[in-house]
Amino acid sequence: MTPANQGPPLLSVERLITEFRSAEGTVRAVDEVSYQIWPGETLAVVGESGSGKSVTAMSVLGLIPRPPGRIAGGRILFEGRDLLTVPPAEMRAIRGKAISMIFQDPMTSLNPVLTVGFQIAEAMLAHGDMGRAEAAERAVELLRTVGVPNAAERYQQFPHQFSGGMRQRALIAMAIANRPRLVIADEPTTALDVTIQAQVFEALRLAQAETQAAMVLITHDMGLVAELADRVVVMYGGRVVETTDVRTLFHAPRHPYTRGLLASLPRMHERSERLTPIPGAPPSLVNRPSGCAFHPRCAHSAGRLPCRTEVPAMREVEPAHWSACHYAEELQDSRERVEA
Amino acid sequence: MTAGTRAEPLLKIDNLVKHYGVRGGRKPAIQAVNGISLALRAGETLGLVGESGCGKSTTGRCIIGLEQPTGGQIVFDGKPVEHGRRAALTAMWRDMQYVFQDPFASLNPLMTVFAILSEPLRLSGMKAAETQARVAELMRLVGLAPEHGNRFPHEFSGGQRQRIGIARALALNPKLLILDEPVSALDVSIQAQVINLLEDLQDQLGLAYLFIAHDLSVVSHICDRIAVMYLGRIVEVGTREEIFDRPQHPYTQALLSAVPIDDPDLRGRRKRIVLQGDPPSPANPPSGCAFRTRCWKATDICAQAVPALEPKPQARQAVACHHAGALTAEPA
Amino acid sequence: MTDHGVAAAAGDREGLDVKVRSQFRLALGRFLRHRVAMASLVILAVIIVVAFSAEVITPYSFDGMNLRAARLPPTLEGGHLFGTDKLGRDYFTRVLYGARTSIFVALVVALLSTLIGTLIGATAGYFGGWIDDVFMRFTDLVLILPGLALLMILIAFIGEGSPLQIAIILSSLMWTLIARVVRAQILSMRTREFVEAATLSGASAWRVIWRHMLPNMLGPIIVNATLTVSSAILIESALSFIGFGVKPPTPALGQLISDGRGAMQTQWWLVTFPGLVIIAICLTINFIGDGLRDALDARQAQRS
């Protein structure tokens, strides 16, 4: 199922720690997070607000505002090089060429006074060695690839003449313009309507087919994960709690948080009488619970001491299935999720 | 509960119209709501779904009187809603309340929870001692500890804040709650808590809900009947089963098929209708059927006549489509 | 690209859910850390305390003449720190009493014009429609009136006035700024969900404005009231300077400058000291206003 766990990973985040200074003191938004992504695969990073999923990605891109932010530890290896030691000028070159990104709000990512086509062509001119005419031609082609109708005409238009879904597609076109090896998409469809979301999924799929780029998909939407991801990293309270391939994650999750999350979702075609929520609320970073950050909400912990005192380490509970739960073994067979 | 025994629905909306910017503006009016009719029985949950800009929130705001409708009639609990008369509205708000989407924006940041919850009670003339008891009761009802009444909104999480908003709406024992995207601003793991709370409250208090949402999974879970809106009109209305299992309108079909299903085994095995283009602007809706510009079934008649919302021979729900029918034809 | 990234990262930091203890305390903390504003506050406090305890501080009275000690330059002898004027009145004492008058006028103006401006702005903003049209046209009218000329006419009409009368007249023209600020705030707040929720709870217009809107816009109101204080000081001084201000012998700072300007060549202290006090008051108040705006605006940014 996983495409290529053999061979070196394209990106390897290792024990990354990112902190922010705030009025409350230093908060650790990302706490020893590790994950890998191999060439060509789609890795979903799932979590709720405050889980650290976006901050991790911003750290990879070198876009943590400093101050108040600070990378306090770990390594980010991209094709074998540690991005944390790359000089800023070179980092800018990597960002936008080898690694590109798609943000949640397409309006803030496009310059309102330049035509969309110009901005896509510009991205290529800044990083490639093609001529202006060639860049323009390829920009139209890219717009067509991601499903923008009348691409040649749209090339000439300004961002405000694009609808939200159209803008997001233009951003996808821009993100793949330089044939990046890694695309980081942060909640790319959250701000969009359902029918427009479907269009953007298609655009993402087409873009990935076109470039064979690996994609880190940051989202809270389990439906999107099921539709697009190969492997999944689940984050909670600034740490990774579970990682495995997408089918195993949905059918045999081995962390109580993942199980709780899946059980709590209302489903269109399963009308159980009552939803099974996770009690409580996600932890605030200032006031993270001791031990396992999930223990106050955990249905499985039953107040056992290690949950409250020891931070559980990630363990390979089955081949290629990692979980940070002291009692992951107990979750082996019992499938909490009610099948229809 | 008493209204349920009567034949009359609790809420009846007849040809509601809301246009913005008509007054002497040079720009064309925004036709936010373009003649919708609905009925809601006591104790029932009616879902109003559609994408942003379809007019679902405007409909809710017109019903409760936060907006003045341009046309149409709304009858609540046997009495026509008089949008111009403040006293009549204030009286109506004892029986009809609103829950806002954003639990951060809907609570006054400078007031304690007690002050927020006691406001409707005191304004309705309740004595201080009685108010104290009622606030505690309300907080317990929505799953909050009454001791936390002296805290400020920012000391609560998003889900708890939404509970406070619900408690405020329940203060005067209303018959109808208009819920405007009540869970869409909440974290995934919290949404289920609030949905369960809403269902419990409905069971205990016999409330009717008008549930405005764009998330079809949530709607399918909580609603008895569902009305699907597109560009200011209702395109299909029926029971949950009718809408979700046997949708007849092409837009409903597309909407349902666009929802990602959280089962990786179904990936690629499900027919997905990807609509072309974007919804048209409500300032300049297409002639005839508003959906025809994105519809794979559209023919000449769709541009000429607005399809009436009526039951079709093959289905029990009302559908506003010239070519209504089960999903067989492949979208172009 | 970098800029978008930073914006997005900053956006995500809201997700950190750093709990705000109390917005007021945080704003206070930010103000206390604002060094220029804090220094200004200390200086202004000293000026005010000294001015209002003039009786205790100086042995002289503001109109006590001593022709033998006339036209003394600043000297420690006899404690004439700021010298004396041509009638031998202790100039330090006169400046203190002058500052007292000016500060009193300015504070009353700030209070009154904030009150009037808030009332008019809130009414116009909340009710909108023709009420808004009428109130705001009236505000515009007051705003475009040639202020100084009108003041002179009004003051000529009542004759030379007491400090309170001067303050009332100034207020009648200086509320427009606050009216506009309050109106804009009310307009943006009218569609805020907690305000709509209050309306649905049965709160009257007055209650919605008073309980829900005004407390949430105290920041901009306080900042603008502060700025009004310094304009009032300046305008009052200007009026006194051209002889339309507070009636002598009650000293006011502008009037002292006016009286002393004829002898500026020979008795520099007569103009210099009241001038310095005016500058000190205006500068410190403006810095305090800046500090308040920074402290309170940050609160606004954090909430949105």
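This is a guided tour of the structure above, stop by stop, with something to select at each.

The model is predicted, so local features are described only at pLDDT of at least 70 and side-chain atom pairs count only at pLDDT 80 or more, while totals for chains, interfaces and linings use all residues. Residues are numbered from 1 along each chain as its sequence is written, and chains are lettered from A and ligands numbered from 1 in the order in which they are written.

**Stop 1: the sheet in chain A**

Start with the strands of chain A. Helices (H or I, at least four residues) and strands (E, at least two) are DSSP runs, numbered from the N terminus. Two strands pair if DSSP finds at least two bridges between them. Eight strands of chain A form an open sheet with mixed pairing, in the order β6-β7-β8-β3-β9-β10-β12-β11. Why is one side of β6 and of β11 left without a neighbour in the sheet? Strands β6 (99-102) and β11 (315-318) of chain A stand at the edges and have a single partner strand each, so one side of each has no neighbour there. From one strand to the next, the twist averages 25°.

Now select residues 231-236 and 239-245 of chain A. These are β9 and β10, an antiparallel pair with six bridges. Within the pair, A:V234 has A:E242 of β10(A) as its bridge partner.

Add residues 164-176 of chain A, helix α7. This helix packs on the sheet and touches β6 and β7 (182-186) of chain A; contact here means that C-beta atoms, placed from the backbone, lie within 7 Å. The direction of α7(A) makes about 175° with that of β6(A). Such angles run from 0 to 180 degrees between N-to-C directions, with axes fitted as lines to C-alpha atoms, for helices over the stretch in contact.

**Stop 2: two loops of chain A**

Select A:R179, in the loop between α7 and β7 of chain A. A residue is buried if 20 or more other C-beta atoms lie within 10 Å of its own, exposed if 12 or fewer, and partly exposed in between, with C-beta atoms placed from the backbone. With 14 such neighbours, A:R179 is partly exposed. From there to A:N287 is 42 Å, C-alpha to C-alpha, and the two are 108 residues apart in sequence.

Next comes A:Q212, in the loop between α8 (194-211) and β8 (214-219) of chain A. A:Q212 is not a glycine, yet its phi is positive, about 60°. Is A:Q212 buried or exposed? A:Q212 is exposed, with 10 other C-beta atoms within 10 Å.

**Stop 3: a loop and a helix in chain B**

Move to B:L231, which lies in the loop between β9 (225-230) and β10 (233-239) of chain B. B:L231 also has a positive phi, about 50°, without being a glycine. B:L231 is buried, with 25 other C-beta atoms within 10 Å.

Then select helix α4 of chain B, residues 113-123. Its buried residues include B:V113, B:I116 and B:L117. Among the elements that cover the buried residues of α4(B) are α5 (128-141) and α6 (158-170) of chain B and α10 (193-200) of chain C.

**Stop 4: where the chains meet**

Colour by chain for this stop. In the meeting of chains B and C, 20 residues of chain B contact 17 residues of chain C. On the side of chain B that touches chain C, α4(B) gives the largest share, three residues.

Between chains B and A, 34 residues of chain B contact 38 residues of chain A. Which element gives the most to the side of chain B that touches chain A? That is α7(B), with seven residues.

**Stop 5: chain C**

Show chain C alone: it has 14 helices and zero strands. Of its 304 residues, 44% count as buried.

Select α12 (residues 218-241) and α13 (residues 253-260) of chain C. Their axes come within 7 Å and cross at roughly 35°. Among the residues making this contact are C:F241 of α12(C) and C:L253 of α13(C).

**Last stop: the core**

A nonpolar core is a set of buried Ala, Val, Leu, Ile, Met, Phe, Trp, Tyr and Cys residues joined through C-beta atoms within 7 Å. The largest one has 274 residues, and A:V216, B:F211 and B:V228 have the most contacts inside it. Helix α5 (residues 91-127) of chain C gives the most to this core, with 15 residues. Finish by selecting A:V216, whose contacts include A:I37, A:L43 and A:I184.

Technical notes. Contact = placed C-beta atoms within 7 Å. Lists of a residue's contacts leave out its neighbours within four places in sequence.
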